[in-house]
Amino acid sequence: YTPVDGFTATTSTVAIIGRAQRVNNLLLNGKSIPVDEQGNFSETIIIFPGINIVTLEAHDRFERETVKRLKLVGY
């Protein structure tokens, strides 16, 4: 849900909030993050000055993978 690709951060941290359907494992920049029973997740990350690439990887029970990358800009 948030942030959108191209988001410009005005603080040093950003909350990554979204929903993933039918996932067994969700990784944010290679780190496993918790997902509730409805598929909702929320994780706060540090944003550095310049361009930051955030990668979300979702794996289902059949080991299929979906990857989404966001480009965030930090001050």
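**Pocket lining and Glu 43**

Reader: Which strands each supply at least two residues of the lining of the largest pocket?
Author: Strand E2 (13–19), strand E6 (50–59) and strand E7 (65–74) each do so, where strands are DSSP runs of type E with at least two residues, numbered from the N terminus. A pocket here is an open set of points on a 1 Å grid over the protein atoms alone, where a 1.4 Å probe fits and protein lies on both sides within 12 Å along at least five of seven lines, and lining residues have an atom within 4 Å of a point. This is a predicted model, in which local features need pLDDT of at least 70 and side-chain atom pairs pLDDT 80 or more, while totals for chains, interfaces and linings use all residues. Residues are numbered from 1 along each chain as its sequence is written, and side-chain values use heavy atoms, leaving out hydrogens and water.

Reader: And which strand gives the largest share of that lining?
Author: That is E7, with five residues, out of 23 that line the pocket, and Arg 19, Ala 20, Leu 56, Ala 58 and Lys 68 lie nearest its centre.

Reader: Switching to Glu 43, is that residue buried or exposed?
Author: Glu 43, which lies in strand E5 (residues 40–46), is buried, because its relative accessible area is 18%, and buried means under 20% with a 1.4 Å probe and protein chains only.

Reader: What does its side chain make a polar contact with?
Author: The side chain of Glu 43 pairs with that of Lys 31 at 3.1 Å, a polar contact being N or O atoms within 3.5 Å, one able to donate a hydrogen and the other to accept it, with sequence neighbours counted only if both atoms are side-chain atoms.

How values were computed:
Helix = DSSP H or I, 4+ residues; strand = E, 2+ residues; numbered from the N terminus. Buried < 20%, exposed > 50% of the residue type's maximum accessible area, 1.4 Å probe, protein only.
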